[in-house]
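Hi,

Here's the structure I said I'd pass on. Have a look at it first, then read my notes underneath.

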Amino acid sequence: MSVDNPRKIEAVRKEWDELSRGYDGYFNTFEGKLDEYLRCKLIKESLPEDKTARILDAGGGTGRVTLSLARMGYRVTLSDLSPGQLGVAEEKLREQGLLEEVEIREADIANLPFPDEFFDLVLAVRGPISLATDSSKAVVELSRVTKRGGRICVDVSSRYWAAMNKYDKDPETALKLIRSELNHACGAHGFGSLFSPEELEEIFERNGIRVTGIYGDLAYYLPEGMRKATKWGERSYHQVSEIIDRLSREKSVTGMGNDLILVGEKC
Ligand SMILES: C[S@@+](CC[C@H](N)C(=O)[O-])C[C@H]1O[C@@H](n2cnc3c(N)ncnc32)[C@H](O)[C@@H]1O
């Protein structure tokens, strides 16, 4: 997947350093809340009962997921390429008295500084695999550090969503994406590697992960005004979140999601 990707790791790091201060703002929008709702629900379904279990939040950025898990009493390792993102995470963890509970490591997701079969649960959510300069290597690494019987929950940018997003202004690129002649384009979080549900399942299965589910995040299809809203009624939030949850599990529309979320278990 890295062959036609001209991006360099320094450029990705710089971009995410620059985005670190504003990143959490997205989660004050209706779309951000739905994004959080869906991922939290899937992560919760994968959580070990044992609070001493080790959890890796790879490409964990400003620590949104890490913070929730640390609050619940889990031992979490937060890793990311960007020192800027990790700096924001560190501030938040310190403010909440949780800094001692979390190990923070600056690391490329495609070259993780952890032993084989070390973590009971491995997370890489909101795009770090797609953003990696070598996505295939990132999958190898995430699987390597997961214990046998351990769980994994990751998401990637979707090939079909990226194609549909391009077919009015750039149909030539859209066609290449649909034909799998091009594996990179602008996805939800910027330029990155794209996957269809089948490609996503295949690469994880090939790397020793039994895939138990692939879910499509369809919140992007809400009208723009609704997605960007910063105020909403509780009733409409509950109704829309249930729609998003049900659609994410509906196989006939999974590939239309702008992100594809995979849940699996290391064999
Ligand atoms: C959209 S943010 C998601 C952050 C976090 N996982 C969350 O759920 O909020 C994408 C993150 O991937 C990180 N990232 C990009 N390329 C990476 C790489 N090669 N290795 C590790 N992290 C990377 C970025 O620095 C950024 O923090």
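Below is what I found, from the whole chain down to one residue.

A quick warning: this is a predicted model, so local features need pLDDT of at least 70 and side-chain atom pairs count only at pLDDT 80 or more, while totals for chains, interfaces and linings use all residues. Residues are numbered from 1 along each chain as its sequence is written.

The protein chain has 11 helices and nine strands (DSSP runs, H or I of at least four residues for helices and E of at least two for strands, numbered from the N terminus). Its C-alpha trace spans about 50 × 45 × 35 Å along the principal axes. Of the 267 residues, 45% are buried (20 or more other C-beta atoms within 10 Å of their own; 12 or fewer is exposed, in between is partly exposed, with C-beta atoms placed from the backbone).

Now the ligand: 21 residues surround it, and Trp-16, Gly-59, Gly-61, Ser-82 and Ile-109 come nearest (near means a C-beta atom, placed from the backbone, within 6 Å). H1, helix H3 (64-71) and helix H5 (128-131) each give two or more residues to that shell.

Finally, Thr-29 sits in the loop between helix H1 (9-19) and helix H2 (30-46). Thr-29 counts as partly exposed because it has 16 C-beta neighbours inside 10 Å. Beyond its neighbours within four places in sequence, Thr-29 contacts Arg-227, Lys-228, Ala-229 and Thr-230 (C-beta atoms, placed from the backbone, within 7 Å). The C-alpha atoms of Thr-29 and Leu-99 are 27 Å apart.

Cheers

Conventions: Contact = placed C-beta atoms within 7 Å.
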